[in-house]
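Q: I would like a close look at a single part of this model, with enough of its surroundings to place that part in the chain.

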Amino acid sequence: MAAETPIDTEQNKTGDSVASAPPDQVDSAKPSPLSGVWGIVVAMVLLATAVYLAYQTMYTVEPTPLDPPPIMYICSETLETFQHKPEVGESIPIDSPFSKKKTGYPAEKCYWTKDGKQKLIPTYVLMNENLGIKKPTICPDCGRLVVPHNPLPPKGTPFATNEDDVIAGRKPAASQPATEN
Ligand SMILES: [Zn+2]
C-alpha cells in the first residue's frame, strides 16, 4: 500500500499535467494569432511571386534571342536583293528566290553617293569574300570600298537631295525601313 500509493499519485500528477494543461493551451493559443500572420505572409509571398513572374515575362518576351529581324540578302547570280529572316542552323548561301539556287548571301550596305553625300536607302552590295574572291569589294554605285559591317558615312555628312541618289538602292530597298540613319 505504502509503495503503491506514491507511484499512483506521481503517475497521475505527471499524466494530468502533461495531458490536460499544455495541449489545450497550445491548441487554442497557437492557431489564432499565427493563422493571421501566416495568412499575410503567404499572401505577400504569392503576390511577390506573381509580380515577379509578370515582370520577368514582360521583359523576357521582348528580346527573344531566336527571333532575329529579317535582313537583306543578295543573289550572287542575279544580283537581286531580297529580305530573309536568318534561321538557326541555316548555312550561307541560302536559297535565292531569283536563281532558285543556293546563291543568297547577306548583303552589305553602302550609304554613300558618288558625290560623297549619304543616302537614306543604301545600295546593297555582294561581298567578294562571300564568293571566295580575295579582292576588296567595291560598291557598284559609288565606287567606294565596302567592308564587312560597312560603316555609315560619318556624322555631319550631308544627305543626298536628288531623287536618283536617294533611290539608288535596288528595287526591294523601298520596303526596307531606313532606320539606321
Ligand atoms: Zn556605295
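Which residues of the largest nonpolar core touch the most other members?

A: In this predicted model, the largest nonpolar core has 15 residues, and those that touch the most other members are Ile74, Ala107, Cys110, Val125 and Cys139. Three strands, β1 (71–75), β5 (108–112) and β6 (118–125), each supply at least two residues of this core, and β1 gives the most, with four residues. In soluble globular proteins, nonpolar side chains tend to be buried together.

Ala107 can be followed further: leaving aside residues up to four places away in sequence, Ala107 touches Met72, Tyr73, Ile74, Thr81, Tyr124, Val125 and Leu126. Among these partners, Ile74 and Val125 are also listed with Ala107 as core residues that touch the most other members.

As for the setting of the core, the chain contains four helices and eight strands, and from the N terminus on its elements run α-α-α-β-β-β-β-β-β-β-β-α. Of the 181 residues of the chain, 19% count as buried, while 54% of the contacts with a separation of 6 or more join residues 24 or more positions apart.

Confidence should be read alongside this picture: the mean pLDDT of the chain is 78, and 66% of its residues reach 70 or more. Over residues 9–21 the pLDDT is below 50, and this stretch has zero contacts in the model beyond near neighbours in sequence. Residues 169–181 also have a pLDDT below 50, but for that stretch the model shows 18 contacts beyond near neighbours in sequence.

Conventions. Residues are numbered from 1 along each chain as its sequence is written. This is a predicted model: local features need pLDDT of at least 70, side-chain atom pairs count only at pLDDT 80 or more; totals for chains, interfaces and linings use all residues. A nonpolar core is a set of buried Ala, Val, Leu, Ile, Met, Phe, Trp, Tyr and Cys residues joined through C-beta atoms within 7 Å. A residue is buried if 20 or more other C-beta atoms lie within 10 Å of its own, exposed if 12 or fewer, and partly exposed in between; C-beta atoms are placed from the backbone. Two residues are in contact if their C-beta atoms, placed from the backbone, lie within 7 Å. pLDDT is the predictor's confidence in each residue, from 0 to 100.
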